[in-house]
Protein chains: 2
Amino acid sequence: MTAHGTPTTDAPHPGPVDADEPWMRGLHADTGYLLYRLGLRSGQLFNAALQESGLRLRHYALLRYLATVEGAPQRDLSERLGYDPSAIVGLVDDLERLHLVERRPAPTDRRRRIVVLAEAGRTYLRDTDEASHRVTDELTGPLSEEERDTLHALLLRVAQTDRG
Amino acid sequence: MTAHGTPTTDAPHPGPVDADEPWMRGLHADTGYLLYRLGLRSGQLFNAALQESGLRLRHYALLRYLATVEGAPQRDLSERLGYDPSAIVGLVDDLERLHLVERRPAPTDRRRRIVVLAEAGRTYLRDTDEASHRVTDELTGPLSEEERDTLHALLLRVAQTDRG
DNA sequence: ACCAATCGTTGTTGACGTCAATGGTTGTCT
DNA sequence: AGACAACCATTGACGTCAACAACGATTGGT
């Protein structure tokens, strides 16, 4: 296959190659890629923490949003959480099966089904609140308290201007 | 829409409910969830920018890592990039099909196959470098230059101690 | 010469996002 | 009133993606 006439070493050159070139840089030089990778890890940690309760991060996000609104049609959930309407169906199905939320018909519009947080849902949020904090602490472990606030504020601004 | 003052309102209560409770808070109060959501958006933007070249963010990350190492066995790629070894196979297959990388047998170990960046791969990195910068700019749009540096530094520390 | 460990590979499973299409319902326009 | 477009929740299909088990080939240790 390959003529190995050159004195190639087994291990690849560990040192930098053409590091002078600006386009020759490591992955960590990109803020976007860092966000992508940390987002993956954050999701993994969240799902692992919520695994014992049988739910996933998406369910948790839906519950948390419901806690701030006290009832919303599924269309609103889709827009606010950024999930496809078809995805909301399955999520609410799961949560309703566990009696954490309840589907109620909207009085004025029989097409809509308003999802409200049940009492068990409030209890669930109260119980998993500490686990949620643990995940954030583990993620931002090497940062000081002040740095965490700074990071949170920056992320918040990026996220908010994201949706107009 | 229809917000009468009647006890049974169609629309859910728009105001805060039990906002006094600490576990009753919005999604954006969680740094972990913010990271998760921004990570998703970052990945979408990256993939959209790379779509015209037929590659995805994973391929791009692999190429960029190869640029800093000049050749690595697939096992190293798996560990460094955080992807499963089985995922590396498909990625290298795609890149090799486009002649961006090359699989070379390791002289001392016939199990290993060292993946090296081909000349076309370097050209590809040079050409897509600007697109990568555009994505980061779009993501961190609302932030000032100094704030972007702060965010990048914070994310870098979180990411680095992650695999320490 | 055995045996455990390693490397790349294949296959499978489940979660996930996206889009098209449907049944039921509402509002509008004439 | 009736016709018609728009809306809502739901279902289904398709492709992407991560995580895991299992395998053949190879290596190193004893």
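How far does a polar side-chain atom of B:Arg112 lie from a phosphate oxygen of DNA strand C? In this predicted model, the separation between the polar side-chain atom of B:Arg112 and the phosphate oxygen of DNA strand C is 3.2 Å. A second arginine of chain B, B:Arg103, has an N or O atom of its side chain 2.9 Å from a phosphate oxygen of DNA strand C, whereas the side chain of A:Arg111 places an N or O atom 3.3 Å from a base oxygen of that strand.

The surroundings of DNA strand C comprise 19 residues, of which A:Arg58, B:Gln74, B:Arg75, B:Arg103 and B:Arg111 come nearest. On the side of the nucleic acid, 77% of the atoms of DNA strand C that come within 4 Å of the protein belong to sugar and phosphate. When the residues of the surface near DNA strand C are sorted by class, 11 are charged, 4 are polar and 4 are nonpolar. Within chain B, the helices α3 (74–81) and α4 (85–97) each supply at least two residues of this surface, and α4(B), with 3 residues, gives the most to it.

The two protein chains also meet one another, with 72 residues of chain B in contact with 71 residues of chain A. The size of an interface is often given as the accessible area lost when the parts come together. For chain B and chain A the buried area is about 7,100 Å², and 64% of it lies on carbon and sulfur atoms.

Polar interactions across the interface of chain B and chain A include 17 residue pairs in polar contact, counted where both residues have pLDDT 80 or more. The count of salt bridges between the two chains is 4; one of them joins the side chains of B:Glu147 and A:Arg157, with an N to O distance of 2.6 Å. On the side of chain B that touches chain A, at least two residues are supplied by each of α1 (31–50), α2 (57–69), β1 (72–73), α5 (119–139) and α6 (145–160). The largest share of that side comes from α1(B), which provides 13 residues. By class, the residues of chain B that form the side touching chain A divide into 35 nonpolar, 21 polar and 16 charged.

Note on methods. Residues are numbered from 1 along each chain as its sequence is written. Chains are lettered from A and ligands numbered from 1 in the order in which they are written. This is a predicted model: local features need pLDDT of at least 70, side-chain atom pairs count only at pLDDT 80 or more; totals for chains, interfaces and linings use all residues. Side-chain values use heavy atoms; hydrogens and water are left out. Contact means heavy atoms within 4.5 Å. Buried area is the accessible area (1.4 Å probe) that two parts lose on being put together, summed over both. A polar contact is a pair of N or O atoms within 3.5 Å; within protein, one must be able to donate a hydrogen and the other to accept it, and residues adjacent in sequence count only if both atoms are side-chain atoms. Helices (H or I, at least four residues) and strands (E, at least two) are DSSP runs, numbered from the N terminus. Ala, Val, Leu, Ile, Met, Phe, Trp, Tyr, Cys and Pro count as nonpolar, Asp, Glu, Lys and Arg as charged, and the others, Gly among them, as polar. A residue is near a molecule or strand if one of its heavy atoms lies within 4 Å of it.
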